[in-house]
Amino acid sequence: QLQLVESGGGLVQPGGSLRLSCASFGITLDDYAIGWLRQAPGKKREGVSCISRSDGSTYYPDSVKGRFAISRDNAKNTFTLQMNSLKPEDTAVYYCAASQSCDGMFMNAMDYWGSGTLVTVSS
């Protein structure tokens, strides 16, 4: 039933970089808007990146814009989140997701999502 699986989380120092990957099983990511959300302790889930299904546009909230970049490989049914200049505020469990639209994803209207990978940014 778990059709998206994240990997790549871990401990990184402030200013460092990580790349998260999402593998899919049994679904075709090309049929969906794909992206990433995160949830820090005591906070609501928030969208951090998305690629639109309709035109391929990418979306990022101001909190990560210029530091995070999403990319996809439809042939492999995978996508990634490159995270640079990481801050302690980025510490969270990160989830990859597929949805009908990026607007829907950022509102937590997701068709598929993984179980999460933990990113900890600390010195």
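Two strands are counted as paired if DSSP finds at least two bridges between them. In the predicted model described here, strand 4 and strand 5 meet this condition with 5 bridges in the antiparallel sense, and within strand 5 the residue standing opposite Arg 38 is Glu 46.

The protein contains 11 strands and 1 helix. Read from the N terminus, the order of elements is β-β-β-β-β-β-β-β-β-α-β-β, so nine strands precede the helix and two follow it. The C-alpha atoms occupy a box of roughly 40 × 25 × 25 Å along the principal axes. The radius of gyration is 13 Å, which agrees with the value near 14 Å for a compact globule of 123 residues. Of these 123 residues, 42% are buried. The exposed surface of the protein amounts to about 6400 Å², and 47% of this area is supplied by carbon and sulfur atoms. Among contacts between residues at least 6 apart in sequence, 58% join residues at least 24 apart. Positive and negative side chains number 11 each, and the centres of the two sets are separated by 5 Å.Strand 4 spans residues 33-39, of which 6 of 7 are buried. Two partners of strand 4 are described here. With strand 9 (residues 92-99), strand 4 runs antiparallel and is joined by 7 bridges; in this pairing, Ile 34 has Ala 98 of strand 9 as its bridge partner. The other partner is strand 5 (residues 46-51), likewise antiparallel to strand 4. Strand 4 and strand 5 form a hairpin with 6 residues between them. Within the turn of this hairpin, Gly 42 has a positive phi of about 80°.

Strand 1 covers residues 4-7 and has two faces that differ in cover. Leu 4 and Glu 6 lie on the covered face, whereas Val 5 and Ser 7 lie on the uncovered one. In a regular strand, side chains alternate between the two faces of the sheet. Strand 1 is joined by 4 bridges to strand 3 (residues 18-24), and the two run antiparallel. Val 5, on the uncovered face of strand 1, has Ala 23 of strand 3 as its bridge partner.

Strand 7 (residues 68-73) includes Ser 71. The relative accessible area of Ser 71 is 36%, which means that this residue is partly exposed. Leaving aside residues up to four places away in sequence, Ser 71 touches Ile 51, Phe 79 and Thr 80. Pro 61 is 10 residues from Ser 71 along the chain, and the C-alpha atoms of the two are separated by 16 Å.

The loop between strand 7 and strand 8 contains Ala 75 and Asn 77. Ala 75 has a relative accessible area of 77% and is therefore classed as exposed. Although Ala 75 and Asp 30 are 45 residues apart in sequence, their C-alpha atoms are 8.9 Å apart in space. Asn 77 is not a glycine, yet its phi is positive, at about 55°. A positive phi, of about 50°, is also found at Ser 85, which is not a glycine either. Ser 85 is located in the loop between strand 8 and strand 9. With a relative accessible area of 42%, Ser 85 is partly exposed.

Towards the end of the chain, Ser 122 belongs to the segment after strand 11 (117-121). Ser 122 counts as partly exposed because its relative accessibility is 37%, a value that falls between the limits of 20% for buried and 50% for exposed residues. The contacts of Ser 122, not counting residues up to four places away in sequence, are with Leu 11, Val 12, Gln 13 and Pro 14. Lys 76 lies 46 residues from Ser 122 along the chain, with 33 Å between the two C-alpha atoms.

Terms used
Residues are numbered from 1 along each chain as its sequence is written. This is a predicted model: local features need pLDDT of at least 70, side-chain atom pairs count only at pLDDT 80 or more; totals for chains, interfaces and linings use all residues. Side-chain values use heavy atoms; hydrogens and water are left out. The radius of gyration is taken over C-alpha atoms; the globule rule is 2.2 Å times the number of residues to the power 0.38. Buried means under 20% relative accessible area, exposed over 50%, partly exposed in between (1.4 Å probe, protein chains only). Contact means heavy atoms within 4.5 Å. Accessible areas come from the Shrake-Rupley method with a 1.4 Å probe; for residues, only the protein chains shown count as cover. Lys and Arg count as positive and Asp and Glu as negative; His and the chain ends are not counted. The place of a charge is taken as NZ of Lys, CZ of Arg, CG of Asp or CD of Glu.
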